[in-house]
Amino acid sequence: MYIIINKNQIINRESLIESLTNLGYTRESLVTATGEFAVRGFLIDIFPVHSEHPIRVEFFGNEVDSLRTFDETSQLSIGEINNIT
């Protein structure tokens, strides 16, 4: 099983959180290592096991408003992306 997230996609946030948990991701307050995710308001940070940097998924309601990679140490954005698997 895997999850595909695209910019402007409509996603139920609670279903995404449940799917991440079912895939073995650990919920943390801040994402610092692969296999972790964090929920902060309209943001869900995910550190995919196959990625060099974590992904920040920003929601506007149930729509994915933006996807960005970010530095796990500084928590600052690196750049925008259009999708992640």
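**Exercise 1. Is Lys-7 buried, partly exposed or exposed?**

Let's work through it, keeping in mind that the model you're looking at is predicted.

Step 1. Grab the cut-offs: buried means under 20% relative accessible area, exposed means over 50%, and partly exposed is in between.

Step 2. Lys-7 has 31% relative accessibility, so it counts as partly exposed.

Step 3. Now look at who Lys-7 pairs up with. Glu-80 forms a salt bridge with Lys-7, and their closest N and O atoms are 3.6 Å apart. Glu-80 sits in strand β7, while Lys-7 is in the loop between β1 (5-6) and α1, so this pair ties together parts that are 73 residues apart in sequence.

Step 4. Give Glu-80 the treatment you gave Lys-7. Its relative accessible area is 52%, so Glu-80 is exposed.

**Exercise 2. List the helices and strands of the chain, then describe its overall size.**

Step 1. Count the elements: you should get one helix and eight strands.

Step 2. Walk along from the N terminus, and the elements read β-α-β-β-β-β-β-β-β.

Step 3. Check how the chain is packed. For 85 residues, a compact globule would have a radius of gyration near 12 Å; the chain has 11 Å, so the two agree.

Step 4. Add the dimensions. Along its principal axes, the C-alpha trace spans about 30 × 25 × 20 Å.

Step 5. Finish with the inside and the outside. Buried residues make up 39% of the 85 residues. The chain exposes about 4900 Å², and carbon and sulfur atoms supply 50% of that.

Step 6. One more thing about the contacts with a separation of 6 or more: residues 24 or more positions apart account for 34% of them.

**Exercise 3. Work out the strand order in the open sheet, and find which strands stand at its edges.**

Step 1. Trace the six strands across the sheet. The order is β2-β3-β4-β5-β6-β7, and the pairing is mixed.

Step 2. Look at the two ends of that order. β2 (26-27) and β7 (77-81) each have a single partner strand, so one side of each is left without a neighbour in the sheet.

Step 3. Zoom in on the β2 edge. β2 pairs with strand β3 (residues 36-40) in the parallel sense, over two bridges. Within that pairing, Thr-26 has Glu-36 of β3 as its bridge partner.

Step 4. Now bring in the helix. Helix α1 (residues 13-22) packs on the sheet and touches β2, β3, β4 (43-46) and β5 (55-60). The direction of α1 makes about 20° with that of β4.

**Exercise 4. Which residues are joined with Asp-45 into one network of salt bridges?**

Step 1. Recall the idea behind these pairs: side chains of opposite charge can pair when their charged atoms come close.

Step 2. Take the Arg-40 pair. Arg-40 forms a salt bridge with Asp-45, with the closest N and O atoms 3.2 Å apart.

Step 3. Take the Arg-56 pair. Arg-56 also forms a salt bridge with Asp-45, and here the closest N and O atoms are 2.8 Å apart. Arg-56 belongs to strand β5 and Asp-45 to strand β4, so the pair ties together parts that are 11 residues apart in sequence.

Step 4. Put the pairs together: salt bridges that share partners join Arg-40, Asp-45 and Arg-56 into one network.

Step 5. Sort these residues by accessibility. Asp-45 is at 1%, so it counts as buried. Arg-56 is at 6%, so it counts as buried. Arg-40 has a relative accessible area of 32%, so it is partly exposed.

Step 6. Fit this into the full tally: the count for the chain comes to four salt bridges.

**Exercise 5. Where do Ile-81 and Ser-51 lie, and what do they touch?**

Step 1. Start with Ile-81, which lies in strand β7. Its relative accessibility is 22%, so Ile-81 counts as partly exposed.

Step 2. Leave aside neighbours within four places in sequence. Ile-81 is then in contact with Ile-55, Leu-67, Arg-68 and Thr-69.

Step 3. Compare positions along the chain and in space. Ile-81 and Asn-6 are 75 residues apart along the chain, and their C-alpha atoms are separated by 8.9 Å.

Step 4. Move on to Ser-51, in the loop between β4 and β5. At 17% relative accessibility, Ser-51 counts as buried.

Step 5. Not counting residues up to four places away in sequence, Ser-51 touches Thr-34 and Ile-84.

Notes
Residues numbered from 1 in each chain as written. Predicted model: local features only at pLDDT ≥ 70, side-chain atom pairs only at ≥ 80, totals over all residues. Heavy atoms only, no water. Pairing = 2+ DSSP bridges. Helix = DSSP H or I, 4+ residues; strand = E, 2+ residues; numbered from the N terminus. Contact = heavy atoms within 4.5 Å. Axes fitted to C-alpha atoms, helices over the stretch in contact; angles between N-to-C directions. Buried < 20%, exposed > 50% of the residue type's maximum accessible area, 1.4 Å probe, protein only. Rg over C-alpha atoms; globule rule 2.2 N^0.38 Å. Areas by Shrake-Rupley, 256 points an atom, 1.4 Å probe, with all protein chains shown as cover. Salt bridge = Lys/Arg side-chain N within 4 Å of Asp/Glu carboxyl O.
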